[in-house]
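Here's a quick briefing on a protein–DNA model, written for someone who likes cut-offs spelled out. Have a look at the structure first, then read on.

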2 protein chains.
Amino acid sequence: MTTKVLIIEDDSALRSSIVQTLELEDLEPIPTSSFTQARRSIRSNFKGVVLSDIKMPDRDGFEVLNFVRARDPDLPVVLLTGYSDVPTAMRAMKEGAYDYLEKPCNPDRLIDTLRRALDHRSLVLENRAIRDELVDQQSVVEGGTLSEQLELHERKVIEQALAMENGKVSMAAKRLGIPRNTLYDHMTRLRIVAKAFRNSDTGIE
Amino acid sequence: MTTKVLIIEDDSALRSSIVQTLELEDLEPIPTSSFTQARRSIRSNFKGVVLSDIKMPDRDGFEVLNFVRARDPDLPVVLLTGYSDVPTAMRAMKEGAYDYLEKPCNPDRLIDTLRRALDHRSLVLENRAIRDELVDQQSVVEGGTLSEQLELHERKVIEQALAMENGKVSMAAKRLGIPRNTLYDHMTRLRIVAKAFRNSDTGIE
DNA sequence: GATTTTTGTCCGAAAAGTCGGAAAATCACG
DNA sequence: CGTGATTTTCCGACTTTTCGGACAAAAATC
């Protein structure tokens, strides 16, 4: 689970208060006092979320929002708005903020909100990882000679059969429906050694 | 995107008000007046989220929560609590509610919260779908003779090569690093006809 | 420690696959 | 309808693979 929270807040008192609240909940606060300082952390593979004040001396919270969304539209940004500043909050949500909190905010609410944002982030990252795995596997064929590709697959099949039989060549041969000697031929050609599959106790059943 | 919101609310005035709010935002409210009425909709593959009142005449909102979590721990439940009933709200969050809203609630807040919950639900369902696909593909090798398995893969490789070259055998042969004739030999053996890969306009580049 | 089973390697004949050349069939195009 | 390019099939020599049998070495069983 991702637990990083990149905090952008110029009021140092509030900042350290937030840091403390997060640490009590086993989250990982990364406190910064300005957008410029925070920029470098904001990447598409950032394993956390952003918590930013919306009113800051140099830059606006909306700038943060746009920057983050440009880097990764699925990186949640939680904004801290002034008390009952509903229009600003609504605008923030419309522009893609994950959520907003009214200052001063209830610590529980803060944690709940960040937890949700982090959960969302985890799911998104997990999703991407699984997707990558999927496309890796789907491209059964990337390039190379036909024989190269077949050899690669042949190796996989034989190694799996050996693994399933704990490295017993004769058993693997039976499983593969070929005579023992033939399997030895294949193994010699592919430089597969049966010993490598023994003892490892990964045999199925 | 999933947009269903299963509403459990005994106050009919509030219920229809919620329904109206959701419909204005293109969400799909499923209004029910009691837990018993809502039960049958709650399944692990429910493509939506649950919005329930926490105080009801017959059953408690926590019962809903437990029931839903038993059916699917990743089905978000948003609870409606009485105004500033902080302890109940905190207990709800601890017991796994996705979020809570204080009654009477701001329509914008309601929509924001439900959108987040629905987003979460979509991600979870998507994740599961991709996972299923993954395990399907991971079983590269199920059984059968070595030659059967190799033949299967050989067919895949050749068909992909043909598809990439729009059914041009000579081009596919070049790509596979073997003479045309040899590829024809393979194709004859595997009963692959090149015509089947022409015209379909699926050629890459 | 003797015996039986299993492993890993080698041999050789039959079977299958490779691949160049060439002819037949088909397609493309003016 | 020809003409050239491409696809497809057929042939035959050459190479590789298959697979049963044999055998020494290692392991397991008694």
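What follows covers the protein–protein interface and then each DNA strand in turn.

This is a predicted model, where local features need pLDDT of at least 70, side-chain atom pairs count only at pLDDT 80 or more, and totals for chains, interfaces and linings use all residues. Residues are numbered from 1 along each chain as its sequence is written, chains are lettered from A and ligands numbered from 1 in the order in which they are written, and side-chain values use heavy atoms, with hydrogens and water left out.

**Chain A against chain B**

- Chain A puts 38 residues into the contact and chain B puts in 38 residues, with contact meaning heavy atoms within 4.5 Å.
- About 3,900 Å² is buried between chain A and chain B, and 58% of that sits on carbon and sulfur atoms; buried area here is the accessible area (1.4 Å probe) that two parts lose on being put together, summed over both.
- On the chain A side, Arg116(A), Leu146(A) and His153(A) give up the most area to chain B, together 16% of what that side buries.
- There are 6 salt bridges between chain A and chain B, a salt bridge being a side-chain nitrogen of Lys or Arg within 4 Å of a carboxyl oxygen of Asp or Glu.
- Arg116(A) makes a salt bridge to Asp99(B), with the closest N and O atoms 2.9 Å apart.
- Polar contacts link 15 residue pairs across this interface, both residues at pLDDT 80 or more; a polar contact is a pair of N or O atoms within 3.5 Å, and within protein one must be able to donate a hydrogen and the other to accept it, while residues adjacent in sequence count only if both atoms are side-chain atoms.
- Among the chain A elements that each supply at least two residues to the side touching chain B are α5 (107-138) and α6 (146-164); helices (H or I, at least four residues) and strands (E, at least two) are DSSP runs, numbered from the N terminus.
- The largest share of that side, 16 residues, comes from α5(A).
- By type, the chain A side splits into 16 nonpolar, 11 polar and 11 charged residues, where Ala, Val, Leu, Ile, Met, Phe, Trp, Tyr, Cys and Pro count as nonpolar, Asp, Glu, Lys and Arg as charged, and the others, Gly among them, as polar.

**DNA strand C**

- 14 residues surround DNA strand C, and the closest include Ser170(A), Arg198(A) and Asn181(B); near means a heavy atom within 4 Å.
- Sugar or phosphate makes up 47% of the strand C atoms within 4 Å of the protein, and the rest belong to bases.
- On the base side, a polar side-chain atom of Asn181(B) lies 2.5 Å from a base oxygen, and an N or O atom in the side chain of Arg180(A) is 3.1 Å from a base nitrogen.
- Thr182(B) has a polar side-chain atom 3.3 Å from a phosphate oxygen.
- α8(B) gives the largest share of the surface near strand C, 5 residues.

**DNA strand D**

- 14 residues surround DNA strand D, with Asn181(A), His186(A) and Tyr184(B) among the closest.
- Sugar and phosphate account for 50% of the strand D atoms within 4 Å of the protein.
- The side chain of Asn181(A) has an N or O atom 2.2 Å from a base oxygen, and Asp185(A) has one 3.4 Å from a base nitrogen.
- A polar side-chain atom of Tyr184(B) is 3.0 Å from a phosphate oxygen.
- α8(A) gives the most to the surface near strand D, with 6 residues.
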